[in-house]
Amino acid sequence: MKFNKDFHKVNTKSRTAIIFDKNEPIITNYATTRFSPGISIGAKAGYNFYPDLENSKSYFVGATVSPYKSYRYYWQAELINSIHKYNAATTITTGFSTSANGVRQPTRTTTTVSYSNINNEIPLLIRYNINNFIGIGAGIQANINASEKREEHTKTEYFESEKPDSIIIKTEEKTVSNSESFTNFKTGLLFDLTIGVARIGPSFGARYVINFEDNFNYFQLYGIWKF
């Protein structure tokens, strides 16, 4: 017995009609065929785009686990490691200072806070293959900063006078940084689309992640190969 070229690993029921000479066929009982699903490991890599963050750059690599040659509905778990750099906030304040000889000088202070993080993300999805080339999915995700480096850069400019066209006579800059581990735990929802070889092989995907925290929703573009 040969399987159809588009055969899927799904449970089937069958029975047989046995004919001896010209006698009436003997109908057997139904037999049920079940398959052990097996495990499929996938590798993925791509880019995260955060539209609400300034100067954001985020790249990632990861692995996926799902049933082998998944058909229609199936589960998928992932482990993703990403590097994310972005500017959190820039503030400008004005004030005055007094020089050593008692001259009052206007000042302008620009403070920029930036982050450089290594993130661990664990998405859990329910996926559905519409056909052999297109798949969709939805699920939940947990995200924690395995390593977080925060830098605060301050630039203070001193002006000659309070006139609008006054020149800058001195500039002072200072950077303060600190690092932490396993901080800033976030959760969210995700929606996913893949186009390519939906079951085993290469495909390309797009994902939108809604984090339960302001300014951290993002789009994910990636390539994946399932083995």
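## Ile 140 and the nonpolar patch

Let's start on the surface: Ile 140 is partly exposed, its relative accessible area being 49%. That value belongs to a predicted model, as do all the others in this report. Ile 140 sits in strand E9, which covers residues 134-159.

Ile 140 also helps to make a nonpolar surface patch of about 670 Å², together with Leu 79, Ile 122, Leu 124, Leu 189, Phe 191 and Phe 212. Two strands, E8 and E10 (168-196), each supply at least two residues of this patch.

## The nonpolar core

Now for the interior. Which residues make up the largest nonpolar core? There are 10 residues in it: Tyr 50, Leu 53, Tyr 86, Val 113, Tyr 115, Leu 125, Leu 190, Val 209, Phe 216 and Tyr 218. Strand E8, residues 104-129, gives the largest share of this core, with three residues.

Val 113, one of the core residues, is a handy one to follow in the viewer. Setting aside residues up to four places away in sequence, Val 113 touches Asn 87, Ala 88 and Ala 89, and also Arg 150, Glu 151 and Glu 152.

## Asn 87, a contact of Val 113

Is Asn 87 buried or exposed? Asn 87 has a relative accessible area of 16%, so it counts as buried, the cut-off for buried being under 20%. This residue has its place in strand E7, residues 73-98.

Apart from neighbours within four places in sequence, Asn 87 is in contact with Glu 54 and Asn 55, as well as with Thr 112, Val 113 and Ser 114. Asp 21 makes for a striking pairing on the distance side: it is 66 residues from Asn 87 along the chain, and the two C-alpha atoms are separated by 84 Å.

## Salt bridges

The count of salt bridges comes to eight. Two of them involve residues that Val 113 touches, among them Glu 151 and Arg 150. Glu 151 forms a salt bridge with Lys 149, with 3.5 Å between the closest N and O atoms. Glu 151 is partly exposed at 29% relative accessibility, and Lys 149 is partly exposed at 37%. Arg 150 pairs with Glu 152 through their side chains, again as a salt bridge (3.5 Å, N to O). Here Arg 150 has a relative accessible area of 25% and is partly exposed, while Glu 152 is partly exposed at 29%.

Another salt bridge links the side chains of Glu 172 and Lys 170 (3.6 Å, N to O). Glu 172 is partly exposed, with a relative accessible area of 40%, and Lys 170 is partly exposed at 41%. There is also a network: Lys 44, Glu 78, Arg 127, Asp 192 and Arg 207 are joined into one by salt bridges that share partners.

## Strand E5 and its partners

To finish, a look at how strands pair. Strand E5 (residues 39-49) runs antiparallel to strand E6 (residues 54-67), and nine bridges join them. A hairpin of four residues connects E5 to E6. In this pairing, Tyr 47 stands opposite Tyr 59 of E6.

E5 also pairs with strand E12 (residues 218-226), in the antiparallel sense and over eight bridges. Which residue of E12 stands opposite Ala 43? It is Trp 225.

Note on methods: Residues are numbered from 1 along each chain as its sequence is written. This is a predicted model: local features need pLDDT of at least 70, side-chain atom pairs count only at pLDDT 80 or more; totals for chains, interfaces and linings use all residues. Side-chain values use heavy atoms; hydrogens and water are left out. Two strands pair if DSSP finds at least two bridges between them. A nonpolar core is a set of buried Ala, Val, Leu, Ile, Met, Phe, Trp, Tyr and Cys residues joined through side-chain atoms within 4.5 Å. Buried means under 20% relative accessible area, exposed over 50%, partly exposed in between (1.4 Å probe, protein chains only). Contact means heavy atoms within 4.5 Å. Patches are made of residues with over 30% relative accessible area and no salt bridge: like charges are joined within 9 Å, nonpolar side chains (Val, Leu, Ile, Met, Phe, Trp, Tyr) within 5 Å. Accessible areas come from the Shrake-Rupley method with a 1.4 Å probe; for residues, only the protein chains shown count as cover. A salt bridge is a side-chain nitrogen of Lys or Arg within 4 Å of a carboxyl oxygen of Asp or Glu.
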